[in-house]
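Please open the structure in your viewer and keep the selection panel at hand. The tour moves from one selection to the next and says what is found at each stop.

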Amino acid sequence: MAASPQNPAASGPRRKVSRHRGEGQWAAGHFTPLNGNEQFKKDDDGLNVRTRIETIYSKRGFDSIDPNDLRGRMRWWGLYTQRRPGIDGGKTAVLEPEELDDRYFMLRVRIDAGALTTQQLRVIGEVSQEFARGTADITDRQNVQYHWIRIEDVPEIWQRLEAVGLSTVTACGDTPRVMIGSPVAGIAEDEIIDATPALEEMKRRVLNNPAYSNLPRKFKTAISGSPLLDVVHEINDVAFVGVRHPEHGPGFDVWVGGGLSTNPKLGVRLGAWVPIEDVPDVYEGVISIFRDYGYRRLRNRARLKFLVADWGAEKFRQVLEDEYLGGRKLVDGPAPEQPVQQWRDHIGVHRQKDGRFYVGFAPRVGRVDGATLTKIADLAEAHGSGRVRTTVEQKMIVLDVEQDRVESLVEGLEALDLTARPSTFRRGTMACTGIEFCKLAIVETKQRGSTLIDELERRLPDFDEPLTINLNGCPNACARIQVADIGLKGQLVLDDEGRQVEGYQVHLGGALGLEAGFGRKVRGLKVTADELPDYIERVLTRFRAERTEGERFAAWTARASEEALS
């Protein structure tokens with residue numbers, strides 16, 4: 001089915017080559033690289049950089065790294081240079097890449113579907129302590145991110161991770177990134193269908209495969225058979241959502257073209273029901289469409305969402321069926337039912353289908369450390385579990401706990417400041433990496449998010465409505481600001497004395513799952529970092545005073561006056 005990037009035209013009938021540059025689509029015969037990123041990918045597959053890291057760069061040091069590897073191909077193995085300390089947010093868009101680069105790296109460990117054994121978690125923790133100065137953040141795509149990684153240590157880190165079945169392959173780059181999945185796949189009592197077999201086959205087909213290692217941009221995947229819609233399927237390039245067909249039974253509804261960043265778009269349904277055995281074929285077809293038809297000319301239009309917006313769902317499905325599924329027609333199917341609850345994070349104590357329990361708990365804005373991760377592994381094993389999970393809300397879950405061990409586990413987690421009974425603010429607040437390590441960031445996020453949780457718990461101790469607060473250090477929306485109840489986009493703002501300080505543009509009333517949509521921006525509403533607790537307290541107090549019975553925060557913000565939201 002799939003062509004390799006070296007012979008892209010082989011994935012279907014030959015087409016007339018156009019002399020017009022167009023959008024750089026391979027399927028239209030536009031094979032000449034139209035920007036630097038496309039050139040370095042053509043010059044050498046990003047997967048090949050591993051050999052140079054192992055045989056040259058790790059031995060000769062940071063200064064030996066080729067620039068196209070340093071700021072390009074090394075991402076294919078999960079490596080980004082981190083931000084040099086001491087560079088303020090006002091210089092983020094001014095300095096050249098080499099001026100922003102530190103001599104240390106962020107390294108991302110891909111954890112598909114958030115699935116980990118306690119042995120794997122312990123190794124992640126040990127690597128963190130030995131090579132990453134203790135850092136080990138849980139991301140909103142179920143990965144773990146290290147910082148302070150030296151190039152000299154990377155081969156040893158890979159050896160340790162791969163010895164327990166973990167990898168950093170295509171954790172970054174223009175590749176199929178981590179496949180997010182339900183963290184309770186195969187164990188939840190209310191599950192529609194266990195997507196694990198399809199996920200494993202999808203990974204087998206595309207990971208470390210040169211046929212899919214040169215995509216126009218990153219490609220994000222989600223799959224879940226949970227009725228909670230627990231993988232933010234609306235904002236992935238492709239998503240498979242568990243549904244029950246009235247005639248064919250459990251299967252998956254297919255969505256394409258979702259994504260956020262500075263040009264947010266919600267995914268669209270293809271209207272197709274796919275049985276689990278066909279999911280890998282459909283997945284491979286969608287990713288191949290992106291490879292062959294994706295817009296490669298401009299990086300800011302190279303995501304699949306732009307192609308889907310131009311084509312529409314009907315044409316996309318037609319091309320998928322005719323050109324990539326060999327003429328096989330997909331079965332029309334139903335949309336997923338709306339989830340019955342707003343929280344989709346699996347926090348708390350829940351019965352599994354086998355009678356045991358899983359326990360979801362909340363670190364602070366995904367910030368943990370290696371020592372804590374090893375303690376979680378020890379604690380889980382001491383309570384009879386050999387499996388843990390990460391979630392798309394920067395949370396964690398311990399699986400397979402006997403009923404008489406649950407309370408002891410919960411108490412042990414509390415002792416680590418990892419509560420299974422979090423406040424609304426601890427449960428619903430997320431933050432991206434921020435200016436501490438990210439070269440794109442303008443403001444600080446992680447510590448500010450943690451401090452904000454404490455402050456709101458103190459000011460509003462009885463607030464118990466579901467609410468999400470997402471802090472992002474720049475406009476790129478890694479922390480999903482547009483779909484949060486309160487989304488905070490980092491930027492520099494003027495305080496009352498006219499000084500330029502860290503602050504946020506506010507988005508209000510975004511949502512996924514329940515009436516999905518993007519948050520409302522109130523004209524001119526920007527809040528300094530110091531004013532943030534006051535502002536959120538003020539808005540939430542007004543919400544409680546003005547809401548109708550059962551009204552959610554997002555619904556209230558849609559009808560509230562700008563004065564009430566200011």
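## First stop: a four-stranded sheet

Begin by selecting strand S4 together with strand S5 (residues 144-149), which pair in the antiparallel sense over two bridges. Within this pair, Asp137 stands opposite Gln145 in S5. Widen the selection to the whole open sheet, and four strands appear in the order S1-S2-S5-S4, with antiparallel pairing. Strand S1 (79-83) and strand S4 (137-138) are the edge strands, each of them pairing on one side only.

## Confidence, before going further

This is a predicted model, and colouring by pLDDT is a sensible next step. The protein averages a pLDDT of 94, and 96% of the residues score at least 70. Now select residues 1-20, where the pLDDT is below 50, although this stretch has 37 contacts in the model beyond near neighbours in sequence. Where pLDDT is low, the predicted coordinates should not be read in detail.

## The nonpolar cores

Which residues have the most contacts inside the largest nonpolar core? Select Ile53, Met74, Phe105, Ile124, Tyr146, Ile149 and Leu161, which hold that place in a core of 55 residues. Centre the view on Ile149 and show its surroundings: leaving aside neighbours within four places in sequence, Ile149 is in contact with Tyr104, Phe105, Leu107, Phe131, Ala132, Val154 and Ile157. A second core, separate from this one, has 44 residues and includes Ala27, Leu215, Phe240 and Phe306.

## Thr118 and its contacts

Select helix H5 (residues 118-131) and find Thr118 in it. Is Thr118 buried or exposed? Its relative accessibility is 4%, and Thr118 therefore counts as buried. Apart from residues within four places in sequence, the contacts of Thr118 are Ala377, Ala380, Glu381, Ser385, Gly386, Arg387 and Val388.

## Two helices that cross

Next, select helix H9 (residues 304-311) and helix H10 (residues 313-324), which pack at an angle of about 105° with their axes 6 Å apart. That angle makes H9 roughly perpendicular to H10. To see where the helices meet, show the side chains of Leu304, Val308 and Trp311 in H9, along with those of Ala313, Lys315, Phe316 and Val319 in H10.

## Two loop residues with positive phi

Two stops in loops deserve a look at the backbone. Leu229, in the loop between strand S7 (219-224) and strand S8 (238-245), has a phi near 50°, a positive value in a residue other than glycine. With a relative accessible area of 5%, Leu229 is buried. Then move to His346, in the loop between strand S11 (331-332) and strand S12 (348-351), where phi is near 65°, again a positive value in a residue other than glycine. His346 is buried, and its relative accessible area is 5%.

## The five-stranded sheet

Now select the open sheet of five strands, whose order is S16-S17-S18-S19-S20 and whose pairing is mixed. Strand S16 (429-431) and S20 stand at the edges with a single partner strand each, so one side of each is left without a neighbour in the sheet. Neighbouring strands here are turned by 25° against each other on average, direction ignored. Add helix H14 (residues 446-459), which packs on the sheet and touches S16, strand S17 (469-472) and S19, its direction making about 155° with that of S17.

Within this sheet, isolate strand S18 (residues 486-494) and strand S19 (residues 500-508), which pair in the antiparallel sense over nine bridges. Which residue in S19 is the bridge partner of Gln491? The partner is Gly503. The hairpin of S18 and S19 has five residues between the strands, and Gly498 in this hairpin takes a positive phi near 80°. On the next pairing, S19 and strand S20 (residues 520-528) are antiparallel over five bridges, and the bridge partner of His507 in S20 is Lys521.

## Last stop: Phe553

Finish at helix H16 (residues 553-559), where Phe553 lies. Phe553 counts as buried, at 2% relative accessibility. Not counting residues up to four places away in sequence, Phe553 touches Leu467, Asp485, Ile486, Leu508, Gly509, Val539, Leu540 and Phe543. For a sense of scale, draw a distance from Phe553 to Tyr80: these residues are 473 residues apart along the chain, and their C-alpha atoms are separated by 37 Å.

Methods
Residues are numbered from 1 along each chain as its sequence is written. Side-chain values use heavy atoms; hydrogens and water are left out. Two strands pair if DSSP finds at least two bridges between them. Buried means under 20% relative accessible area, exposed over 50%, partly exposed in between (1.4 Å probe, protein chains only). pLDDT is the predictor's confidence in each residue, from 0 to 100. Contact means heavy atoms within 4.5 Å. A nonpolar core is a set of buried Ala, Val, Leu, Ile, Met, Phe, Trp, Tyr and Cys residues joined through side-chain atoms within 4.5 Å. Axes are lines fitted to C-alpha atoms, for helices over the stretch in contact, and angles run from 0 to 180 degrees between N-to-C directions. Angles under 35 degrees count as roughly parallel, over 145 as roughly antiparallel, 65 to 115 as roughly perpendicular and the rest as oblique.
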